[in-house]
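Thank you all for coming; please have the sequence and the structure open in front of you while I talk, and stop me whenever a residue is hard to find.

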Amino acid sequence: MFHHIPDRTQNRMRVLEQIDIADRADGTPRMERLRQIPPETGRFIAILAAAAPVGAVIEVGTSAGYSALWLTLACQTTGRTLTTFEILPEKANLARDTFRAAGVEHLVELVEGDALEHIADIGEVAFCFLDAEKEVYADCYEAVVPNLVPGGLLVADNAINHRHTLQPMIDRALDDPRVDSLVVPIGKGELVCRKL
Ligand SMILES: C[S@@+](CC[C@H](N)C(=O)[O-])C[C@H]1O[C@@H](n2cnc3c(N)ncnc32)[C@H](O)[C@@H]1O
């Protein structure tokens, strides 16, 4: 997966990494920033998505499509496609540019709108990466977990850097008898839940 990242995907990853670094350095307003995951989190979710059982691969919070590019590596490996949700039209447009530039349009379905209005329609979910506004994490968790197949994975970003805001949802996952869960100290902290 990581030894043969297509040149077009690698080039677009580098462009987005540079934009993200510049955004953080120059004080670009929060809602305009890409706020994307670091590369090590990309590798982490790609490995987990590639190891997930049969079912849909989804993402909540596309931004400009950086994490989605990592997930396309898993989808390419396993012969699947990614469905990714983005609520802001300007971010969805950036993501379309990303998928075109990276040559992965055939691997990604971008759904523009509130993920909460669409998640229930997805059916059986094998892997979900949750990386949206922290206020919607709990509702997304409750919407996705019933649809996770046995062995299916839900990974939620920001479990350490936004721990205070996300603590009720993290506690819910750690106590939830439907899943085995833990917080992994990689990147901004990943809550990983595996359906029993
Ligand atoms: C932290 S950024 C995602 C970064 C992206 N996962 C990456 O690493 O490249 C969060 C994104 O979630 C989007 N978002 C927030 N709430 C959403 C919702 N209810 N449905 C879909 N997208 C949402 C925001 O507009 C924003 O672009």
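G61 sits in the loop between β1 and α3, and I should say at once that we are looking at a predicted model. Is G61 buried or exposed? It counts as buried, because 25 C-beta neighbours lie inside 10 Å of it, and 20 or more is what we ask for before using that word. If we leave aside its neighbours within four places in sequence, G61 is in contact with E86, D131 and A132. You can also look for E133, which is 72 residues away from G61 along the chain, although the two C-alpha atoms are separated by 8.1 Å.

The loop between β1 (56–60) and α3 also holds S63, which is buried, since it has 25 C-beta neighbours inside 10 Å. What is the phi of S63, which is not a glycine? Its phi is positive, at about 50°. To put that in context, most residues other than glycine have a negative phi. R35 is another residue to check here, because its phi is near 50°, again a positive value in a residue other than glycine. R35 lies in the loop between α1 and α2 (39–51), and with 19 C-beta neighbours inside 10 Å it counts as partly exposed.

Let me turn now to the ligand. Which residues come nearest to it? There are 20 residues around the ligand, and the nearest of them are Q36, G61, S63, Y66 and S67, so that both of the loop residues I have just described, G61 and S63, appear in that list. The elements that give two or more residues to this shell are α3 (66–78) and β2 (82–86). Sorted by class, the shell has 10 nonpolar, four polar and six charged residues.

From the ligand we can move to the nonpolar core. The largest such core in the model has 62 residues, and those with the most contacts inside it are V57, L71, L130, C140, V144, L154 and V155. Which element provides the largest share of this core? That element is α3, with eight residues. As general background, nonpolar side chains in soluble globular proteins tend to be buried together. If you would like to follow one member of the core, take V155, which, not counting residues up to four places away in sequence, touches I45, L48, F129, L130, E190, L191 and V192.

L148 is found in strand β5 (residues 148–156), and it is buried, because 25 other C-beta atoms lie within 10 Å of its own. Again not counting residues up to four places away in sequence, L148 touches V125, L154 and K195. Its C-alpha atom is separated by 9.1 Å from that of A56, even though the two residues are 92 residues apart along the chain.

Next, two pairs of helices. Helix α5 (residues 137–144) and helix α6 (residues 163–175) pack at an angle of about 25°, and their axes are 9 Å apart. Why do we call α5 roughly parallel to α6? We do so because that angle falls under the 35 degrees that serve as the limit for the term. The contact brings together Y137, A138 and Y141 of α5 with L166, P168, M169 and A173 of α6, and by class these residues divide into seven nonpolar, no polar and no charged.

L166, which lies in helix α6, deserves a moment, as it counts as buried with 24 C-beta neighbours inside 10 Å. Beyond four places in sequence, L166 touches K134, Y137, N158 and A159, and from L166 to A138 the C-alpha distance is 8.2 Å, with their positions 28 residues apart in the sequence count.

The second pair is helix α1 (residues 7–25) and helix α4 (residues 89–102), which pack at an angle of about 145°, with axes 8 Å apart. Here R8, T9, R12 and L16 in α1 meet T98, A101 and A102 in α4, and this contact has three nonpolar, two polar and two charged residues.

I will finish with I19, also found in helix α1, which is partly exposed, since it has 17 other C-beta atoms within 10 Å. I19 and R33 are 14 residues apart in sequence, and their C-alpha atoms are 8.7 Å apart in space.

Key. Residues are numbered from 1 along each chain as its sequence is written. This is a predicted model: local features need pLDDT of at least 70, side-chain atom pairs count only at pLDDT 80 or more; totals for chains, interfaces and linings use all residues. A residue is near a molecule or strand if its C-beta atom, placed from the backbone, lies within 6 Å of it. Helices (H or I, at least four residues) and strands (E, at least two) are DSSP runs, numbered from the N terminus. Ala, Val, Leu, Ile, Met, Phe, Trp, Tyr, Cys and Pro count as nonpolar, Asp, Glu, Lys and Arg as charged, and the others, Gly among them, as polar. A nonpolar core is a set of buried Ala, Val, Leu, Ile, Met, Phe, Trp, Tyr and Cys residues joined through C-beta atoms within 7 Å. A residue is buried if 20 or more other C-beta atoms lie within 10 Å of its own, exposed if 12 or fewer, and partly exposed in between; C-beta atoms are placed from the backbone. Two residues are in contact if their C-beta atoms, placed from the backbone, lie within 7 Å. Axes are lines fitted to C-alpha atoms, for helices over the stretch in contact, and angles run from 0 to 180 degrees between N-to-C directions. Angles under 35 degrees count as roughly parallel, over 145 as roughly antiparallel, 65 to 115 as roughly perpendicular and the rest as oblique.
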